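Okay, thanks for coming, everyone. I'll put the model up on the screen and then talk through what sits where.

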2 protein chains.
Amino acid sequence: MTRRLATDDLLHLEHFLPYRLSVLANIVSATIASAYAARHDLTTPEWRVMAVLAREPGLSAAQVAERTAMDKVAVSRAVARLLRHRRVTRRAATADRRRSRLRLTPAGMAVYIEVSPAALDYEQELLKVLSSAESRTLDAVLHRLLGRARELAADRIIRATNH
Amino acid sequence: MTRRLATDDLLHLEHFLPYRLSVLANIVSATIASAYAARHDLTTPEWRVMAVLAREPGLSAAQVAERTAMDKVAVSRAVARLLRHRRVTRRAATADRRRSRLRLTPAGMAVYIEVSPAALDYEQELLKVLSSAESRTLDAVLHRLLGRARELAADRIIRATNH
DNA sequence: TAATAATGGTTTCAATTGTAACTAAATAGC
DNA sequence: GCTATTTAGTTACAATTGAAACCATTATTA
């Protein structure tokens, strides 16, 4: 008994995981950005660069790119703005003079120390609607989904490259 | 016994939920887009508009915006492209001539019917790394997080407006 | 050790996106 | 019924982003 192809068999946007992830991530990022963007004249890429440099001073731009999942152009632009605002310093690495060593200035650290708790508060407010078991599951699930998403993305790239 | 403020107390990007959501959503969206963008000359906004029109023919642009979480400008641009490619039709609503009624053409439906299973396959591939219990939890958790994120975003807007 | 390739990072140019201003039609107030 | 508002959607302009070309330095290799 074959059925006609019905729209029910096809994709329903509201239930489609990629769409839901995208909407959630956008609203969350926009809300957080609205908290620091105006007050500190800080973009999301800058904020990410600062966050990794706070924990690992002396990283190069490429290392920052790795840790923030940004591309090198985005890092370059964020760093340029941070330099102009005297929030980071840059000097050439002694061994390899192509490579830079980036650090937060005290002023940069001060901004980070002020913004960071607000961001963490927001995260806590968001997680209030989950039980601690759900939070743990979410943590594990996101970790595994990200790994899987990277695998699938790599697959595609190989296929696309070999076209 | 008070401790000095350490970077451990501050935000660690890799563990920060908003950051992780953003990275995951981006890689997932980019992978899916790479599947249909080149093959069908279709952008993500167009794809979303098509997906809702497939299920609910005759929606207005504003209704499409609601259901896709896009703003009206993005919908307008996506619809303009879809009209040019003869993938949707538009006529004015009889009652209110400002309002449009949008429908997929057979050609538009054909594209949707071709792309849709590939997108659903991708979703299944992604979810393979989760148990069915985890999938169900994720579903519920995303639903609640989205509701909460909307509340928090609304809060901010009110505060921002009353500055 | 000269020539070539690879790497780190920046710049340029085009495409995408966001914000505000706008047009057209409908509704509300008087 | 005439003006003021609101709503639906588009357009214009600025800011952001992405892809490719680019410069400088280091590594490779013949």
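Let's start at the DNA. Around strand D there are 17 residues, and the closest are A:Arg77, B:Ala62, B:Ser76, B:Arg90 and B:Arg98. By "near" I mean that a heavy atom of the residue lies within 4 Å of the strand. Before I go on, the ground rules. This is a predicted model, with local features needing pLDDT of at least 70 and side-chain atom pairs counting only at pLDDT 80 or more, while totals for chains, interfaces and linings use all residues. Residues are numbered from 1 along each chain as its sequence is written, chains are lettered from A and ligands numbered from 1 in the order in which they are written, and side-chain values use heavy atoms, leaving out hydrogens and water.

Back to strand D. Of its atoms within 4 Å of the protein, 53% belong to sugar or phosphate, and the rest to bases. And which side chains reach those bases? A:Arg77 has a side-chain N or O atom 2.6 Å from a base nitrogen. A polar side-chain atom of B:Arg98 is 2.5 Å from a base oxygen of strand D, and for A:Arg98 there's a base oxygen at 3.0 Å. As for elements, α4 of chain A plus α3 and α4 of chain B each give two or more residues to this surface, with α4(B) giving the most, four residues. Helices here are DSSP runs of H or I, at least four residues long, strands are E runs of at least two, and both are numbered from the N terminus. By class, you get five nonpolar, three polar and nine charged residues. Ala, Val, Leu, Ile, Met, Phe, Trp, Tyr, Cys and Pro count as nonpolar, Asp, Glu, Lys and Arg as charged, and the others, Gly among them, as polar.

Now strand C. It also has 17 residues around it, the closest being A:Ala62, A:Ser76, A:Arg90, A:Arg98 and B:Arg77. The side chain of A:Arg98 puts an N or O atom 2.7 Å from a base oxygen of strand C, and that of B:Arg98 puts one 3.3 Å from a base nitrogen. There's a backbone player too: a polar backbone atom of A:Ser100 is 2.8 Å from a phosphate oxygen. Here α4(A) gives the most, with four residues.

Next, the two chains. 65 residues of chain A contact 65 of chain B, contact being heavy atoms within 4.5 Å. Between them the chains bury about 6,400 Å², 70% of it on carbon and sulfur atoms; that's accessible area (1.4 Å probe) lost on putting the two parts together, summed over both.

One helix to zoom in on: α3(B), residues 61–68. B:Val64, B:Ala65 and B:Thr68 are buried there, meaning under 20% relative accessible area, with exposed over 50% and partly exposed in between (1.4 Å probe, protein chains only). They cover an arc of only 105° around the axis, so they share one side of α3(B); the arc is that of the directions from the helix axis to the C-beta atoms. The face turned away from the buried side carries exposed B:Ala62 and B:Glu66.

Last stop, B:Glu46, in helix α2 of chain B. Buried or exposed? Buried, at 0% relative accessible area. Its side chain makes a 3.0 Å polar contact with that of B:Thr43. A polar contact is a pair of N or O atoms within 3.5 Å; within protein, one must be able to donate a hydrogen and the other to accept it, and residues adjacent in sequence count only if both atoms are side-chain atoms.
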